[in-house]
Amino acid sequence: MVRRLSLFSAALLTLAGCGASAPVSVPEAPPPVVTAPPVTPAVGSAARDAQAMAAVRGVLARCRAADCGLPVGRGVEVDTVAVVDGVAVARFSQDLGDAPVRPASAAAFEAAVAEAVRGAYPGAAVRVETRGVALTALIPNADRVPADRDSDRLFAPPVATPPLVRPADEDRIPTAGLAGRHVALWPSHGWLYNADARAWGWQRARLFTTIEDLLTVGFVTRELTPMFERAGAVTLLARERDTAPEVIVDEGSRGYAETGLWGDGPTGFGLRASYGDGENPFRLGRSREAVGGARARHTATWTPDLPEAGRYAVHVSYAAGADRSEAARYTVVHAGGTTDVLVNQSIGAGTWVYLGTFEFEAGSRGRVTLVVGTDGTVSADAVRFGGGEGVIRRGAGTSGRARWMEGSRYYQQFAGAPTSVYNITDDPGNDYTDDFRSRAEWANWLRGAPFGPSDAPDLPGLGIPVDAVLAWHTDAGIDRDGTIGTLAIYNVPGMDESGAFADGTSRLANRDLADGVQTTLVDDIRRLYAPSWSRRQLWDRSYSESTRPAVPSLLLELLSHQNFRDMRFALDPRFQFDAARAVYKGYGRFLAAQRGDRFVPQPLRPTHVYALLEGDRVALGWQPQPDPLEPDALPTAYVVYTRDGAIGWDEGTRVEGTSVRLPAPPAGIVRSYRVAGVNEGGEGRPSEALAVGVGEPGASPVLVVDGFDRVAPPDAVDVPGNAGFVDPVGVPEGIGVITVGAQRVFDPSAEYVSDPQPGWGASGSELEGTLIMGNDRDHAAVHGRALLAVGRSFSSASDEAVADGTVDLADVAVVDLVLGLERRTAWPDPADPRSPAFEALPEPLRDRLGMYLDGGGALVVSGAHWASDAASDFASAAWVRTHLGVRADGRADGVLAVALGGSAVPFGTAYGPRRYAVRWPDVLAPSGIRAEIVGRFGSGEVAAVAHGRTLSLSVPLESVFDAEARAGLMEEALRRVLGE
């Protein structure tokens, strides 16, 4: 049964993804010119028109029952059949264009209609129209032969200046990606002020452990935006991108220093604790400027005092002025070294310009330096590190939330937009309408004349050549038996109803973009996850985010946040990545086609990684991961990143093959490595991090095998009368940001009443805004620090490299197997026939470890769920009993500490950004007369079992947050397995 909210109802405006503006009428376009004369010129008559109409209605009835080319829904009707200039023209309702149109489908449908019409007008030429244009006009350029492509819909105005931001190292610029392209995008909604309630709150309902206002952040900010950037694009976000604390160093303030000759510049950023209605931060301060030249020796440096170590987004600002440099060089000194970034200061003045996200140590060891070059003048204003708290005052004060959670209206004010952009209604009590209208107008302001805001297209703006816009939402609607699927919304008429952008480009480019992205997205989901995934309409509608953008745009409704079956996909990090990758590919191909460029998708992360100490060298190797959907996405080279200690990845070294030998680190240093594939399209996500360390001479070395690969949605239950997510958090990829709290209503019959009472799926707010560590893929170094602390040298390898024999265990003294939260995880579609992913001890790994143990090897295994996972099938359970002398004996709820040969030590059980939470580790039981209980939880339940030269622990060692306690556990485990 399907219960779907009307997309034009007030209920949708409360729950669904889009804010709607008043409908825009589509002007009737003149019929296309027919170049070939009809076989028999038709002569119209009312009787023949009626006969033809009846025949075409019969065609539609048949097409609804059986495929005849185009999908024909119940809303498709024939409006008229009439003769125009000797041609019989069948005009259909706009619903006919709600489906994708391809050459073959158009030809088949036109043939069926022509046959019906010719019953009334024998031998006549017949043309099919919808939305005032020929049906064939809806075929995207991507599906046309070159000779038939419509040049009028190529939005590629000449760009006379370099991009806003680019790497100083030209070798890092992709040649077949998105270099030089500027994409404005945003996740939907956000924390908003309600003047009637005099309170801040969400724009949507808390459902199925999340809320649309945050769920889309997981897709857009955490996944899609880095893909665009790794492809070379400049991304411009209408909501704050960074979750870190904020430090702003303004010119003239503490932490700012100059060398050389600087003078006062125009008005600039002014730092305040908060900003009131209409206050523009970039009109409250001043700026500095210096003139470049061959002998220029001028620098400006911003040194923050950061409250904690971590990753911080760095934004710079500068003031407008004559003869600004197009290559202002900013040098970022961070924990991993230095990065040079070039900024085109002739555009983008008076706002925050993103340089990148970098790792910094706490305190004042990092900095940003602007070096005056030989071309033009440069401007120095404020530099911002991190994201911080909201600082825009409304009637009840500031939001009290982190800025990344707020709606775009407030970020736009903080980023210097004029009030006409973010306060469109000029109504202090209507932040909701201003928020959804302002997003597109902000993108128009970034670009400026003649593509400026709808009410002022000639506003100069910032001159940033925005190429495309994306608004990412989720929708409403319930289908108890399946998924709602993906809707794409675009608009052809535009605010002025001309059907063209300011430069004359046809706004049919919007349809091409929407069609291409929806096609790629649905096709990828069907191939990777759900063959029955629904492709909903391709809608030409006048929502603000589809109508107002002055450049090609898409309003995407990925799935329904109100539907449990959809949310099983939405909360799965695997799906989040693949959906974002599909959108990235759709935009990439569209933007490349606009200028006749090539587009190559960036590679997937490498696998089978190992880092092995071999004397005074480190042997580092890996394998490429083929993309089953994109054969050309293979890497052509790699970048190897290195880190000494716990923070500070360097800028990387390019490597042509799949292995390299590097110098070993000095004794006592944990040196980590990760590898990213690169090709013409850009750089892919890096591999898991592996590490090596040189300990004391003579001590038996250890191989750390990282078997914790799992990312997962919350566990679910789906039985009649009880459906939902039984845990609020699964295992996010890195830091998770989308969780609001535990689901409270599991009854599928519970109806939506209001946002505070949303019925089925209603969830709490206890985790709202909490940054939740999941799988950071950086476990070998944590174990390595514990090993070095007890004098042990160590190497490391992924479990895949061990399982397939790439890494030979024959000469390994001890294996430290890291299983973290690894356990079998179902795919999001309950009907998926594939075996669950992330089995903790898959057969190939068991076989290798079994041979190793049979040959006298020693093994320490730690993780929260591996024993219960093994118990789920006979072969795994038997292997664990035989080789480890252990079996699962339930789960330990509410335990906080574990003791292994000494006093109890606490491990991470709370959700937070530093360590993943271990909520219910396995209880173990010895199996066999040689097995011995050697560790217990604080509750007394068994946590560790020794058996011969093995030790099994049901607490992940990396979840023990005290380094000394972790080293003590490691030392005791090694003593047990080595008999020392």
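1. A good place to start is strand 25, residues 468-475, where eight of the eight residues are buried. Please keep in mind that this is a predicted model. The burial holds on both faces of strand 25: A468, L470, W472 and T474 lie on one side, with V469, A471, H473 and D475 on the other, and all are buried.

2. Which strands pair with strand 25? One is strand 7, residues 182-187, which runs parallel to strand 25 and shares five bridges with it. Within that pairing, V183 has A468 as its bridge partner in strand 25. Another is strand 29, residues 553-560, again in the parallel sense, this time over six bridges. Here H473 is matched with E557 of strand 29. Both A468 and H473 are among the buried residues named in point 1, on opposite sides of the strand.

3. Helix 2 is worth a look for its two-sided character. It covers residues 46-65, and its 20 residues should span 28 Å at 1.5 Å a residue; the end C-alpha atoms are 29 Å apart, so the two values agree. The buried residues in helix 2 are D49, A52, M53, V56, V59, L60 and C63. These cover an arc of only 120° around the axis, and therefore sit on the same side of helix 2. Turned away from that buried side is a face with the exposed residues A47, R62 and A65.

4. What covers the buried residues of helix 2? The cover includes strand 2 (78-84), strand 3 (87-92) and helix 3 (103-117). If you have the model open, these are the elements to display alongside the buried residues, V56 and L60 among them.

5. Helix 11, residues 573-594, is mostly covered, with 20 of its 22 residues buried. From first C-alpha to last, helix 11 reaches 32 Å, close to the 32 Å expected at 1.5 Å a residue. After the helix comes G596, which has a positive phi, near 70°.

6. Finally, a loop residue: T505, found between strand 27 (486-490) and helix 8 (508-528). Is T505 buried or exposed? Its relative accessibility is 5%, so T505 counts as buried. The side chain of T505 makes a polar contact of 2.9 Å with the side chain of D503. Setting aside neighbours within four places in sequence, T505 also touches D152, R153, L154 and F155, along with G499 and A500.

Conventions:
Residues are numbered from 1 along each chain as its sequence is written. This is a predicted model: local features need pLDDT of at least 70, side-chain atom pairs count only at pLDDT 80 or more; totals for chains, interfaces and linings use all residues. Side-chain values use heavy atoms; hydrogens and water are left out. Helices (H or I, at least four residues) and strands (E, at least two) are DSSP runs, numbered from the N terminus. The expected span of a helix is 1.5 Å times one less than its number of residues. Buried means under 20% relative accessible area, exposed over 50%, partly exposed in between (1.4 Å probe, protein chains only). Two strands pair if DSSP finds at least two bridges between them. The arc is that of the directions from the helix axis to the C-beta atoms. Contact means heavy atoms within 4.5 Å. A polar contact is a pair of N or O atoms within 3.5 Å; within protein, one must be able to donate a hydrogen and the other to accept it, and residues adjacent in sequence count only if both atoms are side-chain atoms.
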